[in-house]
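User: I'd like a close look at one part of this model: the place where the protein meets the DNA. Walk me through it, and add whatever else helps to place it in the whole assembly.

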2 protein chains.
Amino acid sequence: MPADDRRRRRATIHDVAAEAGLSHGTVSRVLNSERYVSATAQAAVEAAIAKVGYVRNTAARNLKTQQSHAIGLVVHEPHSLFLEDPNIGAILLGTNEILSNADYQLVSLVIDSDRDSARVAEYLRGGFVDGVIIVSARSGDPIAHAVASIGIPAVFVGHPPDISGVPFVGIDNVSAAASITSRLIETGRRRIGMIASALDRDSGQDRLSGFRQALGARFDSSLVVEFPLYSYDSGLEGMRELLTRDPTIDGVFAASDAIGAGALDALRAAGRSVPGDVGVVGFDDSAWAMRCQPPLSTVRQPADELGRMAARSVLAQLKGEPDVPEAMFLETSIVWRDSA
Amino acid sequence: MPADDRRRRRATIHDVAAEAGLSHGTVSRVLNSERYVSATAQAAVEAAIAKVGYVRNTAARNLKTQQSHAIGLVVHEPHSLFLEDPNIGAILLGTNEILSNADYQLVSLVIDSDRDSARVAEYLRGGFVDGVIIVSARSGDPIAHAVASIGIPAVFVGHPPDISGVPFVGIDNVSAAASITSRLIETGRRRIGMIASALDRDSGQDRLSGFRQALGARFDSSLVVEFPLYSYDSGLEGMRELLTRDPTIDGVFAASDAIGAGALDALRAAGRSVPGDVGVVGFDDSAWAMRCQPPLSTVRQPADELGRMAARSVLAQLKGEPDVPEAMFLETSIVWRDSA
DNA sequence: GCACGATCTGGGAACGATCCCACACACCGG
DNA sequence: CCGGTGTGTGGGATCGTTCCCAGATCGTGC
């Protein structure tokens, strides 16, 4: 397997110019579709490009223009959740769609440890990317602070509680949580608990707030358990805990579908029927929700559209558009299935 | 949100040289840890770098060295499966781990349509990446052929049936499939069917071959149904079809866990018990397998290690190492749960 | 004391684009 | 016929590195 001279010298703008019988300046003008190019020159250059098989050298372009034409997507999530969280994939695809249409390359950066965190901060500072989109930052997140201090165009997907001045896109977690909790109330549940999670992020905090708000005076803090991760295991353990705290519990709001799935399995193991004995609702409308037994009622959030919005916002900042909104909220809806 | 002069001029190698009282040539030598640099010069340069906050300009470096220091990861998969396939995420993380240690940037490219396919081929040809890793290519895949013809260092994860001369990493799907099928035979199943899928890839073909091989003379082609996608829906529909073809069916090999999950739900809907009436086995050991009712017995494949191996192979090719093996197989194991 | 190699350093020439200035020409109105 | 404006084109300077060549210095062996 020789890695030697397989790739021969690539054609440059000068080769194109020579082929077309024009100067490299004119070729550059055609490439960047600037004004003041005659139709004949345009045609000649295009023919020459096709003939010599020219493709633009990005490194040279980037060097001269002092841009990278790349946007970073920073995902701060343990590996295990990165693999399972369906929202992240959808955000990634949505972002990629917008950016590639705008001729920007998406570069994904996964942070799984503090070491990664420092390396990524360095990377962002190094001019490798023209802008950055940050997914699932927590409060006190070093990356979030680094970004805010570098002054690079940035957007958060979800809003870290302790940063301001950086635009973000998100959903209204408070009202979404309140509205799905109401469902439990309306269907006659009396003892309603919550398995909360990720309280170091806005999503976690806000879902708890919404839950509390919907219950009003009936809110009972002893029926709330908290876990760091939006995971199946949190749901399993959380539900067990809630059952011991109050065996008469008849409604549960799980802060994510994964948690909901865990709760469902814990309830089954404890011999409770759903929705007969206990009503359960989740959050995300991920693949989990549909596959549970019984299928989970949940909040659907438009993750792909969040990704698109974030991408559009960075591009707008890059173009220097004057009024890039700092807060952008997208609508959620509720999907009713069988679990409540 | 002004995008104006927030990022002031970055320090260059010349600024460092001036600060250290040395020439830019010497600074470059330190940066690339070449020979013939005195200890004092080394120290002076390092101090100067820290003082002026220098970070290397990659565009300039890439321009001069004619490299991009980036590796492409091409995933050829419909969006829906990209989100759900746990192997892809694990491959991505494994790859990223090795590459970032070697100071290479991973660039993910998702192909969801023929249009994408052409654009990505163009991208690879454009010198944006020094090498490429291709996941889940099918036979007749234009990207696979493009890569083979460009002559760029490349590795396949899984082997497209109609390409040769390009290294690949993979698992032995034939023997893994044979061995899990044997389990069904050993536990006394008599009428064993398969829901096959993705026959345009080596994984799909080989799992079918392994199944056939394990059954030997008892193989009955009427008990094999085929679907293009490794999806839950394929499992649902496939199981229904198998039940109509032969209601006495008592064993099923699903070509993936997602298919297995679908099959399980179809069996439940048809009133069959698992593993009582029918034994079911899957492939992948994904999150699906654990969450099914009952949990699925399945083949575990080391997806993260596949990603690492692929990355190592591209790096080896890049370094011009002489004997990069063309075929690399990793061991699989079988996880016994309750479904068979 | 001198030739010679090894070590270290300085500085110029690329790499391949973009950007800008200078110039050529056409057209128009007064 | 002349100045001015709008088009179109050529070619030089430049971005920040790496690479290479030339030269300086220092030992070391004869």
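Analyst: Keep in mind that this is a predicted model. Let's take the two DNA strands in turn and then step back to the chains.

Start with DNA strand D. There are 30 residues around it, and the ones that come nearest are A:Ser23, A:His24, A:Ser38, B:Ile13 and B:His14. Of the atoms of DNA strand D that come within 4 Å of the protein, 60% belong to sugar and phosphate. Two of the polar contacts go to phosphate oxygens: one such oxygen sits 2.8 Å from a polar backbone atom of A:Ser23, and a phosphate oxygen is also 2.8 Å from a side-chain N or O atom of A:Ser38. The bases get some attention too, with a base oxygen of DNA strand D placed 3.3 Å from an N or O atom in the side chain of B:His24.

Which elements carry this surface? Chain A brings helix H2 (24–31) and helix H4 (58–65), while chain B brings helix H1 (13–20), helix H2 (24–31) and helix H4 (58–65), each with at least two residues near DNA strand D. H4(B) has the largest share, at five residues. By residue class, the surface near DNA strand D holds nine nonpolar, 13 polar and eight charged residues.

Now over to DNA strand C. Here 29 residues surround the strand, and the closest are A:Ile13, B:Ser23, B:His24, B:Arg29 and B:Ser38. Sugar and phosphate make up 62% of the DNA strand C atoms that come within 4 Å of the protein. On the base side, the side chain of A:His24 has an N or O atom 3.3 Å from a base oxygen of DNA strand C, and a polar side-chain atom of B:Arg29 is 3.1 Å from a base nitrogen of that strand. On the backbone side, a side-chain N or O atom of B:Ser38 lies 2.7 Å from a phosphate oxygen of DNA strand C. The elements giving two or more residues to this surface are H2 and H4 of chain A along with H2 and H4 of chain B. For DNA strand C the largest share, again five residues, comes from H4(A). The class split near DNA strand C reads nine nonpolar, 12 polar and eight charged.

How do the two protein chains relate to each other? Chain A superposes on chain B through a rotation of 180° with 0.1 Å of shift along its axis, at an RMSD of 0.1 Å. That is the relation of a two-fold axis. The same surface serves both copies, since 100% of the contact residues of chain A recur in chain B. Within chain A, the residue that comes closest to the rotation axis is A:Ala59, with its C-alpha at 2.3 Å. A:Ala59 falls within H4 (58–65) of chain A, the helix with the largest share of the surface near DNA strand C.

There's also something to see just past H4 in chain B. B:Gln66 is in the loop between H4 and strand S1 (70–76) of chain B. Its phi is positive, about 60°, although B:Gln66 is not a glycine. B:Gln66 counts as exposed because its relative accessibility is 57%.

Next, the rest of chain A. The domain assignment gives domain 1 (13–56), domain 2 (70–170 + 304–328) and domain 3 (173–300). The centres of domain 1 and domain 3 of chain A, taken over C-alpha atoms, are 62 Å apart.

Domain 3 of chain A has a few backbone details to check. A:Ala198, in the loop between strand S6 (192–197) and helix H10 (202–215) of chain A, has a positive phi near 50° without being a glycine. A:Ala198 is buried, at 1% relative accessibility. A cis peptide bond links A:Val274 to A:Pro275, with omega about 5°, and A:Pro275 lies in the loop between helix H12 (257–269) and strand S9 (279–281) of chain A. Another cis peptide bond joins A:Gln293 and A:Pro294, with omega about -10°.

A:Pro294 is in the loop between H13 and S10 of chain A. A:Ser297 is in the loop between helix H13 (287–291) and strand S10 (298–300) of chain A as well. A:Ser297 is buried, with a relative accessible area of 0%, and among the residues it touches are A:Ile180, A:Val280, A:Trp336 and A:Asp338.

Definitions and conventions. Residues are numbered from 1 along each chain as its sequence is written. Chains are lettered from A and ligands numbered from 1 in the order in which they are written. This is a predicted model: local features need pLDDT of at least 70, side-chain atom pairs count only at pLDDT 80 or more; totals for chains, interfaces and linings use all residues. Side-chain values use heavy atoms; hydrogens and water are left out. A residue is near a molecule or strand if one of its heavy atoms lies within 4 Å of it. A polar contact is a pair of N or O atoms within 3.5 Å; within protein, one must be able to donate a hydrogen and the other to accept it, and residues adjacent in sequence count only if both atoms are side-chain atoms. Helices (H or I, at least four residues) and strands (E, at least two) are DSSP runs, numbered from the N terminus. Ala, Val, Leu, Ile, Met, Phe, Trp, Tyr, Cys and Pro count as nonpolar, Asp, Glu, Lys and Arg as charged, and the others, Gly among them, as polar. Domain bounds come from an automatic or database domain assignment. Buried means under 20% relative accessible area, exposed over 50%, partly exposed in between (1.4 Å probe, protein chains only). Contact means heavy atoms within 4.5 Å. Copies are superposed by least squares on the C-alpha atoms of residues with pLDDT of at least 70 in both. Lists of a residue's contacts leave out its neighbours within four places in sequence.
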